[in-house]
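Work through the exercises below with the model open. Try each task before reading its solution.

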Amino acid sequence: MISVENIRDNFPILSQKVYGKSLIYLDNAATSQRPLSVIDFQESFSRECNANVHRAVHSLSGIATDLYESGREAVRSFLDAEYKEEIIFTSGTTASINLMAHSFVEAFCARGDVIVISQAEHHSNIVPWQMAALRTGIEVKVAPINRDGSIDLEELREILKDKRVKLLSITHISNVLGVVNPIQEIVKIAHNQGVKVLVDGAQGVVHSLISVRETDVDFYAFSGHKIYAPTGIGVLYGKRELLDIMPPFMGGGDMVDTVTFEKTIYAPLPLKFEAGTQNIAAVASLKPALEFAMQISDNDEFVNRERQIVEYVTKELNVIEGLTILGTATPKIPLFSFVIDGVHHEDVAQILDKMGVAVRSGLVCAEPLINSYGYTGIIRASFAPYNTLEEAQIFIKSLHRAISMLK
Ligand SMILES: Cc1ncc(COP(=O)(O)O)c(C=O)c1O
């Protein structure tokens with residue numbers, strides 16, 4: 001069992017030095033670091049198990065296929081989905097949403113129908129819908145948030161009353177605000193109007209366990225690299241009866257039953273949506289990655305420390321003169337986006353880097369949201385379960401020093 005004390009031993013990268021200082025990695029919302037269980041698994045897969053899946057009769061292919069499918073079972077269990085076929089592998093959240101913007105729109109939308117997103121979306125939950133709108137004549141509407149970063153449920157209810165709305169595509173947790181959206185309540189509101197719901201879980205899966213059955217979401221997307229797995233692998237969960245109706249997004253090998261020059265019969269779920277050779281080792285390594293994530297979510301010590309960090313950093317940021325935090329509503333994960341009067345975000349991030357503290361700065365792929373607050377960039381510090389309270393204290397101290405150098 002992983003304890004708060006020894007968790008960092010699982011992450012070799014955390015013992016690195018930056019400019020002679022111990023690395024304090026606070027860019028976890030961009031990508032998380034990988035534990036040894038995942039690093040070792042990936043290496044041993046390459047050394048001992050590498051083959052293509054589903055196609056050959058030789059033993060090595062059988063081993064690779066079993067490991068690949070065990071990745072699917074791990075995701076099914078992690079999301080509490082009913083069927084393994086409801087788990088589709090993509091290259092990431094972005095690819096999952098693009099798949100939806102093609103296949104869902106083709107199956108369920110006509111010209112003039114509406115897809116609703118929220119004001120707090122990452123570009124990957126904005127741009128694919130705008131592209132679909134240009135392609136198909138659907139409309140994209142934006143549901144507003146309150147100033148504190150919470151979703152305006154009354155407005156959302158009103159917007160979803162429009163009979164033309166076919167899908168609400170909304171983030172679980174915004175990568176800027178860190179505020180947790182009440183997914184179960186949102187799904188109920190949408191379903192009352194006959195609207196399906198896609199949740200962008202890129203940040204959500206990392207900080208709150210989701211049961212797709214309990215919340216009754218229709219679709220849920222996430223990326224492996226934000227939850228201890230390698231880059232280049234992602235998931236789209238979808239209810240079987242909906243995925244069954246949707247046409248494939250891409251054509252090619254492995255997604256077919258029979259092919260003639262005249263016509264193709266597609267393979268059943270989930271392969272219908274997995275054309276070509278996938279990132280097999282990364283799929284398989286979702287199993288150790290999600291096992292690691294489950295151990296942490298089940299551990300009260302980690303949950304308490306996350307709460308402690310949220311309280312400590314919020315309190316400390318609030319006393320800095322001229323500093324404004326974006327996203328103050330609760331519940332909130334330890335992700336802090338802020339601006340400081342008279343100080344450029346990039347300058348702060350660069351000075352912090354020299355002090356060994358890695359934070360993100362800029363528009364963090366959420367330009368419309370950040371612009372709506374009246375800013376052109378932010379500083380973002382996002383914590384993972386392997387970050388300590390002591391690191392949070394060093395971050396705050398370093399931030400004070402950086403500001404005093406710049407003002
Ligand atoms: C909320 C949210 N959605 C979507 C994405 C896109 O994820 P990916 O780049 O892994 O496809 C991110 C990545 O930062 C995110 O934070």
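Helices (H or I, at least four residues) and strands (E, at least two) are DSSP runs, numbered from the N terminus. This is a predicted model: local features need pLDDT of at least 70, side-chain atom pairs count only at pLDDT 80 or more, and totals for chains, interfaces and linings use all residues. Residue numbers start from 1 along each chain as its sequence is written.

**Exercise 1.** Count the helices and strands of the protein chain, then judge its compactness.

Solution. The protein chain has 15 helices and 17 strands. Its radius of gyration, over C-alpha atoms, is 22 Å, close to the 22 Å of the globule rule for 407 residues, so the chain is as compact as a globular protein of that length. The rule is 2.2 Å times the number of residues to the power 0.38. Along the principal axes, the C-alpha atoms fill a box of roughly 70 × 55 × 35 Å.

**Exercise 2.** Trace the open sheet of 4 strands and find its edges.

Solution. Read the order as β13-β14-β17-β16, with antiparallel pairing (at least two DSSP bridges between two strands). The edge strands are β13 (323-326) and β16 (360-362), each pairing on one side only. From one strand to the next, the twist averages 30° (axes are lines fitted to C-alpha atoms, for helices over the stretch in contact; angles run from 0 to 180 degrees between N-to-C directions). Now take β16: it pairs with β17 (residues 378-382) over 3 bridges, antiparallel. Arg-360 stands opposite Arg-380 in β17.

**Exercise 3.** Classify the shell around the ligand.

Solution. The ligand is surrounded by 14 residues (C-beta atom, placed from the backbone, within 6 Å). The closest are Gly-92, Thr-94, Asn-175, Ala-202 and Ser-223. The shell has 4 nonpolar, 9 polar and 1 charged residues. Here Ala, Val, Leu, Ile, Met, Phe, Trp, Tyr, Cys and Pro count as nonpolar, Asp, Glu, Lys and Arg as charged, and the others, Gly among them, as polar.
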